[in-house]
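Reader: I should like a close look at one part of this model, its nonpolar core. Please set the core in the context of the whole chain.

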Amino acid sequence: QVRVVESGGGLVQPGGSLRLSCAASGSIFSAMGWHRQAPGKERELVASISSGGTPTYADSVKGRFIISRDNPKNTVNLQMNSLKPEDTAVYYCTVTPVGGVKYWGQGTQVTVSS
C-alpha cells in the first residue's frame, strides 16, 4: 500500500527558512512534489521533480525554494528560503507510482508571520 508522510511544517518569521520532508513507501515513484492550499484559494503546484531529477517550480517560489529527492529512500524534500507571508498554506506531498495515479499526503501547515 502506498503511504505518504510529510513533516517539517511550522511557524516561521518572514525571511526565515523551513525544510519540508516527505517519506513515501509502497512503490517506485515517477514524479514527486509538493502542492499547497492557502485559505480561500485553490490548491496549486509548488514544485515537482521527475525521477531523473528535473525540477519544476511555480513562478511565485522560483529562486527561493529548492526541491530534491533521494530515489533509493523514496523521499522528497522542499527547502524553503526567504519565506513570505503569502507562502502560508497547508503543504501536501504528492507522489505518483510508476503506472499509477497520484497519491497525496495528509498535509503539513506552514505559517509565515511576524
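Author: The model is predicted: local features require pLDDT of at least 70, side-chain atom pairs count only at pLDDT 80 or more, and totals for chains, interfaces and linings use all residues. Residues are numbered from 1 along each chain as its sequence is written, and side-chain values use heavy atoms, with hydrogens and water left out.

The chain has zero helices and 11 strands (DSSP runs, H or I of at least four residues for helices and E of at least two for strands, numbered from the N terminus). The radius of gyration, taken over C-alpha atoms, is 13 Å, close to the 13 Å that the globule rule (2.2 Å times the number of residues to the power 0.38) gives for 114 residues, so the chain is as compact as a globular protein of that length. Its C-alpha trace spans about 40 × 25 × 20 Å along the principal axes.

Of the 114 residues, 41% are buried, meaning under 20% relative accessible area with a 1.4 Å probe, protein chains only. In soluble globular proteins, nonpolar side chains tend to be buried together.

The largest nonpolar core (buried Ala, Val, Leu, Ile, Met, Phe, Trp, Tyr and Cys residues joined through side-chain atoms within 4.5 Å) has 28 residues. Trp 34, Leu 78, Met 80 and Tyr 91 have the most contacts inside this core. Two or more core residues come from each of strands S3 (18–25), S4 (29–37), S5 (44–49), S7 (65–70), S8 (75–80), S9 (89–97) and S11 (108–112).

Across the chain, residues 24 or more positions apart account for 55% of the contacts (heavy atoms within 4.5 Å) with a separation of 6 or more.

Definitions and conventions. Buried means under 20% relative accessible area, exposed over 50%, partly exposed in between (1.4 Å probe, protein chains only).
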